[in-house]
Amino acid sequence: MHVIEEAKSGRAACRGCKEKIGKGELRFGNFDETWENFQWYHLACGAAFNPAGFKDALEEFDGEVPNLDEIMAHAKVAGRKNTYPRAEPAPSGRAACLQCEEKIDKGALRVVIEREVEGYGKRPGYLHPGCAPEFTETAAADLLATLLENSGLDDATNGELRAAMT
């Protein structure tokens with residue numbers, strides 16, 4: 001079940017960005033049928049987390065949502081963080097490539113995939129762009145097309161990704 005409503009107290013934190021949702025601010029709620037497992041989100045965070053549920057909640061909401069176009073644009077970009085595979089600059093130099101096992105330098109492009117980790121469930125895994133086709137057993141051109149679609153990188157970074165995968 002999904003709902004959009006005004007925050008009643010300002011105590012709830014967004015499950016997406018972890019920041020407080022201000023009193024009176026519109027928020028998106030994600031609930032199960034018993035209302036025991038509920039999660040509140042800022043509108044843009046909720047739209048990125050659950051686009052279909054957000055759309056359903058919008059249809060049921062009687063009020064006006066200010067800046068809806070901006071919220072949806074932000075949600076589209078933020079939602080890419082949950083899309084696999086994607087390419088992104090490495091935020092640190094701690095991760096190692098799953099294929100060659102060498103560290104991925106901070107700021108270097110990396111390919112993020114979803115993988116099953118025994119005992120932990122699904123977790124992201126990281127690859128050098130040049131190692132990704134072999135590890136994923138996907139043709140480089142096909143993988144590149146998917147990465148370009150999922151990643152939302154600027155033109156210069158897209159060019160860097162293309163060069164690294166050819």
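Here are a few friendly notes on this predicted model, taken region by region.

1. **The sheet.** A good place to start is the open sheet of three strands, ordered β4-β5-β6 with antiparallel pairing. The edge positions belong to β4 (86-89) and β6 (121-127); each has a single partner strand, so one side of each is left without a neighbour in the sheet. On average, neighbouring strands here are turned by 40° against each other, direction ignored.

2. **Pairing of β4 with β5.** These antiparallel strands are joined by four bridges, with β5 covering residues 109-117. If you would like a residue to click on, try E88, whose bridge partner in β5 is R110.

3. **Pairing of β5 with β6.** Seven bridges connect β5 and β6, again in the antiparallel sense. One pair to look at is R115 with its bridge partner in β6, R123. The hairpin formed by β5 and β6 has three residues between the strands, and G119 in this hairpin adopts a positive phi near 85°.

4. **The helix across the sheet.** Do have a look at α5, residues 140-151, which lies across β4 and β5. The helix runs at about 65° to β4.

5. **A96 in its loop.** Where does A96 lie? A96 belongs to the loop between β4 and β5. Is A96 buried or exposed? The answer falls in between: A96 is partly exposed, because its relative accessible area is 32%, and partly exposed covers values between under 20% for buried and over 50% for exposed. Setting aside residues up to four places away in sequence, A96 touches E101, E102, K103, I104 and Y126. The C-alpha atoms of A96 and G125 are separated by 8.8 Å, with the two residues 29 apart along the chain.

6. **The largest core.** Turning to the nonpolar interior, the largest nonpolar core has 18 residues, and I4, F28, L43, F54 and I71 have the most contacts inside it. At least two residues of this core come from each of β2 (26-30), β3 (39-42), α1 (43-49) and α2 (51-60). The largest share, four residues, is supplied by α1.

7. **F54 and the second core.** Which residues is F54 in contact with, leaving aside its neighbours within four places in sequence? They are I4, F28, L43, G46, A47, L68, I71 and M72. A second, separate core has 16 residues, among them A87, L127, C131 and A132. As general background, nonpolar side chains tend to be buried together in soluble globular proteins.

Key. Residues are numbered from 1 along each chain as its sequence is written. This is a predicted model: local features need pLDDT of at least 70, side-chain atom pairs count only at pLDDT 80 or more; totals for chains, interfaces and linings use all residues. Side-chain values use heavy atoms; hydrogens and water are left out. Two strands pair if DSSP finds at least two bridges between them. Axes are lines fitted to C-alpha atoms, for helices over the stretch in contact, and angles run from 0 to 180 degrees between N-to-C directions. Contact means heavy atoms within 4.5 Å. Buried means under 20% relative accessible area, exposed over 50%, partly exposed in between (1.4 Å probe, protein chains only). A nonpolar core is a set of buried Ala, Val, Leu, Ile, Met, Phe, Trp, Tyr and Cys residues joined through side-chain atoms within 4.5 Å.
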